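Please read the points below alongside the sequence and the structure. They are arranged by topic, from the overall fold to individual residues.

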Amino acid sequence: MVAAAAAPLTALLGLLIAYLLSRQEFAGRRAFEFAAMASFAVPGTVVGVAYVLAFNTPPIELTGTALILVISFVFRNMPVGIRAGIAAMSQIDKSLDEASVTLGAGAATTLRRVILPLLRPAVVAALVYSFVHAVTAVSAVIFLASARYNMATVYIVGRVEAGEFGLAIAYSSVLIVIVSAAILVIQLLVGERRLGRRGAVASGFQAAG
């Protein structure tokens, strides 16, 4: 449940930042990109301890809640969505953005109706990576999990330490099935990128044949 909540937020935030970095020019762009990618270079144990220290006292007391797990996964996995979005947008000509603006569309409309339909491979990559990494993460969440909001990986590690290898293997097998099913569902929901002009040309050739 925590991974399912974090994956869409991770993909959305990562692609939005990728759009800003690849399509917008503003002061401090390089520093912003470095700050957005820095979380990927920090070890997971450091991230977990830092979140416990940062959110363990009022007014933002999140330790032991599901929200701190979601926040940790979002900012931990966001760099992958950013790089996937930047790589995909580099293949999309900026003339599409300019044509949309010329026709009266705003930045939000251009992103929703022009850019996002062409970013389906990047969306799939961001969703799959963020979900799988959240489900299988151990290093950071071992400090953030609680009795009420426990993670499967933390529970599996606990069973191994207790010598209950059969139960740990059973949970690991179920985890593999859940991850595989989630990947298939994400691919079915998002779909594949299709270019209408090429489809129309192919249909025209078939009709001519």
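1. Salt bridge at Arg-159. At 22% relative accessibility, Arg-159 counts as partly exposed. The side chain of Arg-159 meets that of Glu-164 in a salt bridge, with 3.0 Å from N to O. Glu-164 is also partly exposed, at 34% relative accessibility. The note starts with this pair; the overall description follows.

2. Status of the model and overall content. The model is predicted. The protein chain has eleven helices and zero strands, so read along the sequence the pattern is α-α-α-α-α-α-α-α-α-α-α, given that helices and strands are DSSP runs numbered from the N terminus. Taken along the principal axes, the C-alpha atoms fill a box of roughly 70 × 50 × 25 Å. Of the 209 residues in the protein chain, 35% are buried.

3. Helix 4 against helix 7. Two packed helices are described by the angle between their axes and the distance between the axes. For helix 4 (residues 66-89) and helix 7 (residues 120-136), the axes come within 9 Å and cross at roughly 160°. That makes helix 4 roughly antiparallel to helix 7, because angles over 145 degrees are counted that way. The crossing of helix 4 and helix 7 is right-handed.

4. Helix 9 against helix 10. The axes of helix 9 (residues 152-161) and helix 10 (residues 165-190) come within 8 Å, and their crossing angle is roughly 160°. Helix 9 is therefore roughly antiparallel to helix 10. Helix 9 passes helix 10 in a left-handed crossing.

5. Helix 5 against helix 6. What is the crossing angle of helix 5 and helix 6? The axes of helix 5 (residues 95-102) and helix 6 (residues 107-115) cross at roughly 125° and come within 10 Å. That makes helix 5 oblique to helix 6, because the angle is not over 145 degrees, the cut-off for roughly antiparallel, and lies outside the 65 to 115 range for roughly perpendicular. The handedness of the crossing between helix 5 and helix 6 is right-handed.

6. Salt bridges in general. Side chains of opposite charge can pair when their charged atoms come close. The structure holds three salt bridges. Among them is the pair of Arg-159 and Glu-164 described in the opening point.

7. The network around Glu-33. Which residues are linked in a network of salt bridges? They are Arg-30, Glu-33 and Arg-83. Arg-30 forms a salt bridge with Glu-33, and the closest N and O atoms of the two are 3.5 Å apart. Both Arg-30 and Glu-33 lie in helix 2 (residues 29-38), three residues apart, about one turn of the helix. Arg-83 also forms a salt bridge with Glu-33, the closest N and O atoms being 3.1 Å apart. This second pair links distant parts of the chain, with Arg-83 in helix 4 and Glu-33 in helix 2, 50 residues apart.

8. Exposure within the network. Is Glu-33 buried or exposed? Glu-33 has a relative accessibility of 15% and so counts as buried, the cut-off for buried being under 20%. Arg-30, at 62% relative accessibility, counts as exposed. Arg-83, at 39%, counts as partly exposed. A reader checking the network should note that the shared acid, Glu-33, is buried, whereas Arg-30 is exposed.

9. A nonpolar surface patch. Val-49, Leu-53, Val-138, Ile-142 and Phe-143 form a nonpolar patch on the surface. Together these residues have about 420 Å² of accessible area. Helix 3 (44-54) and helix 8 (141-144) each supply at least two residues of the patch.

10. Two neighbours in helix 8. Ile-142, one of the patch residues, is found in helix 8 and is partly exposed, with a relative accessible area of 41%. Val-141 is also placed in helix 8, but Val-141 has 0% relative accessibility and therefore counts as buried. Between Val-141 and Tyr-51 the C-alpha to C-alpha distance is 10.0 Å, while the two are 90 residues apart in sequence.

Conventions
Residues are numbered from 1 along each chain as its sequence is written. This is a predicted model: local features need pLDDT of at least 70, side-chain atom pairs count only at pLDDT 80 or more; totals for chains, interfaces and linings use all residues. Side-chain values use heavy atoms; hydrogens and water are left out. Patches are made of residues with over 30% relative accessible area and no salt bridge: like charges are joined within 9 Å, nonpolar side chains (Val, Leu, Ile, Met, Phe, Trp, Tyr) within 5 Å. Accessible areas come from the Shrake-Rupley method with a 1.4 Å probe; for residues, only the protein chains shown count as cover. A salt bridge is a side-chain nitrogen of Lys or Arg within 4 Å of a carboxyl oxygen of Asp or Glu. Helices (H or I, at least four residues) and strands (E, at least two) are DSSP runs, numbered from the N terminus. Buried means under 20% relative accessible area, exposed over 50%, partly exposed in between (1.4 Å probe, protein chains only). Axes are lines fitted to C-alpha atoms, for helices over the stretch in contact, and angles run from 0 to 180 degrees between N-to-C directions. Angles under 35 degrees count as roughly parallel, over 145 as roughly antiparallel, 65 to 115 as roughly perpendicular and the rest as oblique. A crossing is left-handed if the near helix is turned anticlockwise from the far one by less than a right angle, and right-handed if clockwise.
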